[in-house]
Amino acid sequence: MLNTLINYSVQSMGLIPLLAFIFLLGIAIIIERFAFFARAVRAGDTLEHDLKLINGNDLDQAQKVVAHYNKTVQSELVKSALAVRGKEEAIVEREIEETIMFQMPRLDRNLWVLDTAVTLGPLLGLLGTIIGMVESFNVLGASGASNPNGVTGGIGHALTATACGLTIAIICVIFLNYFNKRIRMTVNQFDLIKSLLVSRFAA
């Protein structure tokens, strides 16, 4: 098995290990982002419910909500609203909107890697295909039909590279679209939470 992997790596000029690295990197980001959005969306849903129960004059209750949702992106919105509590509505709204802008990079962090993998995977697979086919033609030109294993071996490497590149693209594009949907859902939660905070903490 190890010899086969080494042989494939050498024959593909290192493209197979590179594709494997991109795949593992993509899987790691998918797992991390999946856990992040699972918590963020769930926290947003419950925070909306908790904010509806808060009296704007009850600072202790608001602090308990902040502590409960600590380290979530939504908690930063509540913190910013409490920092300007009692001021004009425009000031509170502007403060919350600035906080939302600061939190946006946390939502799409590392998703550019998945986007790159969707494009780069098939391209590297295609390059591996070309390398494999060139190898097959070289063998065919040197030995004719007397060495069919050499010809089919190059074709096998070509098909393996293509399959790896397409697998990376398929998996990454599915989860990239899923995470983009989660980002839109979280942004919608931000808008609702902002309205609830302004109505409760603005003068």
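**Close-up views of a predicted model**

**View 1. The two sides of helix H3.** Ala62, Val65 and Val66 are the buried residues of helix H3, which spans residues 59-68. Look down the axis of H3 and these buried residues fall within an arc of 100 degrees, so they line one face of the helix. That fits the general pattern: an α-helix has 3.6 residues a turn, so residues three or four places apart point the same way. Flip to the face of H3 turned away from its buried side and you'll find the exposed residues Asp60, Lys64, Ala67 and His68. Bear in mind that this is a predicted model.

**View 2. Helix H3 alongside helix H4.** The axes of H3 and H4 (residues 73-83) come within 9 Å and cross at roughly 150 degrees. Angles over 145 degrees count as roughly antiparallel, and that is therefore how H3 and H4 sit relative to each other. Their crossing is left-handed. On the H3 side, Leu59, Ala62, Gln63 and Val66 do the meeting; on the H4 side, their partners are Ser75, Val78, Lys79 and Leu82.

**View 3. Gln103 and its contacts.** Gln103 belongs to helix H5, residues 89-107. Despite the polar name tag, Gln103 is buried, with a relative accessible area of 8%. Setting aside neighbours within four places in sequence, Gln103 is in contact with Val73, Glu76, Leu77 and Phe190.

**View 4. Two cysteines, Cys164 and Cys172.** Cys164 is partly exposed, at a relative accessible area of 27%, whereas Cys172 is buried, at 3%. If you're hunting for disulfides, the count comes to zero.

Note on methods:
Residues are numbered from 1 along each chain as its sequence is written. This is a predicted model: local features need pLDDT of at least 70, side-chain atom pairs count only at pLDDT 80 or more; totals for chains, interfaces and linings use all residues. Side-chain values use heavy atoms; hydrogens and water are left out. Helices (H or I, at least four residues) and strands (E, at least two) are DSSP runs, numbered from the N terminus. Buried means under 20% relative accessible area, exposed over 50%, partly exposed in between (1.4 Å probe, protein chains only). Contact means heavy atoms within 4.5 Å. A disulfide is a pair of cysteine sulfur atoms within 2.5 Å. The arc is that of the directions from the helix axis to the C-beta atoms. Axes are lines fitted to C-alpha atoms, for helices over the stretch in contact, and angles run from 0 to 180 degrees between N-to-C directions. Angles under 35 degrees count as roughly parallel, over 145 as roughly antiparallel, 65 to 115 as roughly perpendicular and the rest as oblique. A crossing is left-handed if the near helix is turned anticlockwise from the far one by less than a right angle, and right-handed if clockwise.
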